[in-house]
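Here's a quick walk through a single-chain model, written for someone who likes to poke at coordinates. Have the viewer open and follow along.

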Amino acid sequence: MPESKGHLNPGASGVHLDRFELGPGLSDLVRHVWVGRWAVPEGEVRPQRVLTYPAHNAVIMPELAALFGPDPRIQVQELRGTSWVVGILFRPAAGPLLTSTDPVALVSSSEPLPAAPAGRLQQIMTPPSQDRESADQIDWDRIESDRGDLVRVLRTWLLPVAADVDDRGRLVNEACRLAEEDAGITRAAALAGVLGVSERSLERLVRTHIGMTPKWLIECRRLQQAATTLYGSPGTDLSVLAAELGYTDYPHFSRQYQRVLGESPRTTRERGRDAAGSVSGASQPS
């Protein structure tokens, strides 16, 4: 399964998340497909916290087929009842190939995606007994079979689009890959230097594909790593984590974390402890 740091609190009961790739010919266009199925008991809710990658997502649900731009703030989706979602996390190169809308206008926004094979996906994702299923009755064994059907449908839709990815698209893909994977890159100037382009050229390239700044590529990686680390390893020392991520000090890290994620690093760590059902005696910075 492809790794993702965008989903900040995986593992909620009654919620099944699956990720997979679409195979040859689509690596320049698609990062992975993400599929969610949930069956939440009546009267309960499962909040899902997501800090999106700096790229577009196609989202198909029973009532929706839309293209979402990246969002520099935390998104919280509250899951209720029984339903599903199929999403495609695109590479940065995909933006101009999927829409004529200025990518800046799609930041923190969305638009209809009529080209998506929504009807066919609904047939795959909705079993005849859907209305009668509950949290204890969903047939999770169907997931592997559904995955194969989804791959075939999505490849048919997206292979012609992938054929139009050009050198500029591949360059912005590489810029985002480096910003995400190279922890030594903490400034936009350093990213431009590694790519062999000017800062101004990098700025234009990123904005025309995803509507964001090169600085956000780096900041997104740091905050995703921070949030998933604190939730999954709640014994993590906050000051040490801030230093490892390249922040000048813990207060700077904490302010930025609070601004984007809407809660303090300590709060995320406590939620991770609660979710794990454990109590940690890790020290906190003064």
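## An odd backbone spot: Ser108

Ser108 has a relative accessible area of 45%, so this residue counts as partly exposed. You'll find Ser108 in the loop that runs between α2 and β8 (110-112). Keep in mind that this is a predicted model, so treat the angles here as computed values.

What makes Ser108 worth a look is its backbone: phi is near 60°, a positive value in a residue other than glycine. For context, most residues other than glycine have a negative phi.

## The whole chain

Zooming out, the chain has 11 helices and eight strands. Of its 286 residues, 48% are buried.

How much of the contact map comes from residues 24 or more positions apart? Counting contacts in the chain with a separation of 6 or more, such pairs account for 72%.

## The largest pocket

If you're hunting for a place to put a probe, the largest pocket holds about 700 Å³ of space. Its lining has 28 residues, and Trp34, Val50, Val59, Gln77 and Val85 lie nearest the centre. By type, the lining splits into 14 nonpolar, 11 polar and three charged residues.

Which strands build the lining? At least two residues each come from β1 (15-20), β2 (30-39), β3 (46-50), β4 (57-61), β6 (75-79) and β7 (82-90). β2 gives the most, with five residues.

## Helix α3: two residues, two settings

Helix α3 (residues 118-125) is home to Ile124, and Gln122 sits in α3 as well. Ile124 is buried, with a relative accessible area of 6%, while Gln122 is partly exposed at 32%.

Both have partners from elsewhere in the sequence to check. The C-alpha atoms of Ile124 and Val153 are separated by 9.7 Å, with their positions 29 residues apart along the chain. Gln122 and Met61 are 61 residues apart along the chain, and their C-alpha atoms are separated by 7.6 Å. Leaving out residues up to four places away in sequence, Gln122 touches Pro62 and Trp84.

## Val151 in helix α4

Val151 belongs to helix α4 (residues 143-162). Is Val151 buried or exposed? Its relative accessibility is 19%, and the cut-off for buried is under 20%, so Val151 counts as buried.

Setting aside neighbours within four places in sequence, Val151 is in contact with Phe20, Glu21 and Leu22. Val151 and Val33 are 118 residues apart in sequence, yet 8.8 Å apart in space, C-alpha to C-alpha.

## Helix α7: one buried face

Helix α7 (residues 199-210) has 12 residues, which at 1.5 Å a residue should span 16 Å; its end C-alpha atoms are 16 Å apart, so the two agree. The buried residues in α7 are Leu202, Leu205, Val206, His209 and Ile210. Looking down the axis of α7, these buried residues fall within an arc of 90°, so they line one face of the helix. The spacing rule behind this is familiar: an α-helix has 3.6 residues a turn, so residues three or four places apart point the same way.

What covers the buried residues of α7? The cover includes α1 (95-98), α2 (103-106), α5 (167-181), α6 (188-195) and α8 (214-232). Just after α7 comes Gly211, with a positive phi of about 75°.

## Helices α8 and α11

α8 has 19 residues and reaches 28 Å from its first C-alpha to its last, close to the 27 Å expected at 1.5 Å a residue. This helix is mostly covered, with 14 of its 19 residues buried.

Helix α11 (residues 265-276) has 12 residues and runs 17 Å from first C-alpha to last, close to the expected 16 Å. In α11, Pro265, Thr268, Arg269, Gly272 and Arg273 are buried. These residues cover an arc of only 140° around the axis, which puts them on the same side of α11. The face turned away from that buried side carries the exposed residues Asp274 and Ala275. Cover for the buried residues of α11 includes α8, α9 (238-244) and α10 (250-261). After α11 comes Gly277, whose phi is positive, near 70°.

How values were computed. Residues numbered from 1 in each chain as written. Predicted model: local features only at pLDDT ≥ 70, side-chain atom pairs only at ≥ 80, totals over all residues. Heavy atoms only, no water. 1 Å grid on protein atoms, 1.4 Å probe; cavity = no way out; pocket = protein on both sides within 12 Å on 5 of 7 lines; lining within 4 Å. Points joined across faces, edges and corners; volume = space filled by probe spheres on them. Helix = DSSP H or I, 4+ residues; strand = E, 2+ residues; numbered from the N terminus. Nonpolar A, V, L, I, M, F, W, Y, C, P; charged D, E, K, R; others polar. Expected span 1.5 Å × (residues − 1). Buried < 20%, exposed > 50% of the residue type's maximum accessible area, 1.4 Å probe, protein only. Arc of directions from axis to C-beta. Contact = heavy atoms within 4.5 Å.
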